[in-house]
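Good morning, colleagues. I would like to take a few minutes to go through the fold of one protein chain, beginning with its overall form and then turning to its sheets.

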Amino acid sequence: PVDNDKLVTVKSPIVGTFYSAPSPDADAFVKPGDVVSAKTTVCIIESMKLMNEIEAEVSGTVVACLVENGKPVEYGEALFTIRPS
């Protein structure tokens, strides 16, 4: 069981396509269990041919990635959950 009150959700600031890695043959920016700091790039969202790097808002441990690679995302859609440290 996870105490959801303590988790921080990273949400999409724009509409676009979610990419978990900088290129198709590269490793994902982050995966569940990784420790991140504020300003760590967690994914890219492509919108209108621009690649927008999305950063973690808090330092902590990535609990879950909520979007599948290459899938469209909406404004405000949850991308990741992070347990603050």
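What follows is a short account of the chain as a whole and then of its strands. Please keep in mind that this is a predicted model.

Let me begin with the secondary structure. The protein chain contains 0 helices and 8 strands, and the pattern along the sequence accordingly reads β-β-β-β-β-β-β-β. The radius of gyration is 12 Å, close to the 12 Å given by the globule rule for 85 residues, so the chain is as compact as a globular protein of that length. Along the principal axes, the C-alpha atoms occupy a box of roughly 35 × 25 × 20 Å.

How are the strands arranged? Strands of a sheet pair through backbone hydrogen bonds, in either a parallel or an antiparallel manner. In this model, one open sheet is formed by 4 strands in the order β1-β8-β6-β3, and the pairing is antiparallel. The edge strands here are β1, residues 8–11, and β3, residues 35–36, each of which pairs on one side only. Strand β6 covers residues 60–65 and pairs with β3 in the antiparallel sense over 2 bridges. Within this part of the sheet, Val 36 stands opposite Gly 60 of β6.

I turn now to the other strands. An open sheet of 4 strands has the order β5-β4-β2-β7, again with antiparallel pairing. At its edges lie β5, residues 50–55, and β7, residues 72–73, and each of these pairs on one side only. Strand β4, residues 41–47, is joined to β5 by antiparallel pairing over 6 bridges. In that pair, Ser 47 is found opposite Leu 50 of β5.

Which share of the contacts links residues far apart in the sequence, at 24 or more positions? Among contacts with a separation of 6 or more, such pairs account for 61%.

Finally, I come to burial, surface and charge. Of the 85 residues in the protein chain, 31% are buried. The chain exposes about 5300 Å², and carbon and sulfur atoms supply 53% of that area. As for charge, there are 7 positive and 12 negative side chains. The centres of these two sets lie 4 Å apart.

To conclude, we have a predicted model with 8 strands and 0 helices, in which one open sheet runs β1-β8-β6-β3 and another runs β5-β4-β2-β7. Thank you for your attention.

Conventions: Residues numbered from 1 in each chain as written. Predicted model: local features only at pLDDT ≥ 70, side-chain atom pairs only at ≥ 80, totals over all residues. Heavy atoms only, no water. Rg over C-alpha atoms; globule rule 2.2 N^0.38 Å. Buried < 20%, exposed > 50% of the residue type's maximum accessible area, 1.4 Å probe, protein only. Contact = heavy atoms within 4.5 Å. Areas by Shrake-Rupley, 256 points an atom, 1.4 Å probe, with all protein chains shown as cover. Lys, Arg positive; Asp, Glu negative; His and termini not counted. Charge placed at Lys NZ, Arg CZ, Asp CG, Glu CD. Pairing = 2+ DSSP bridges.
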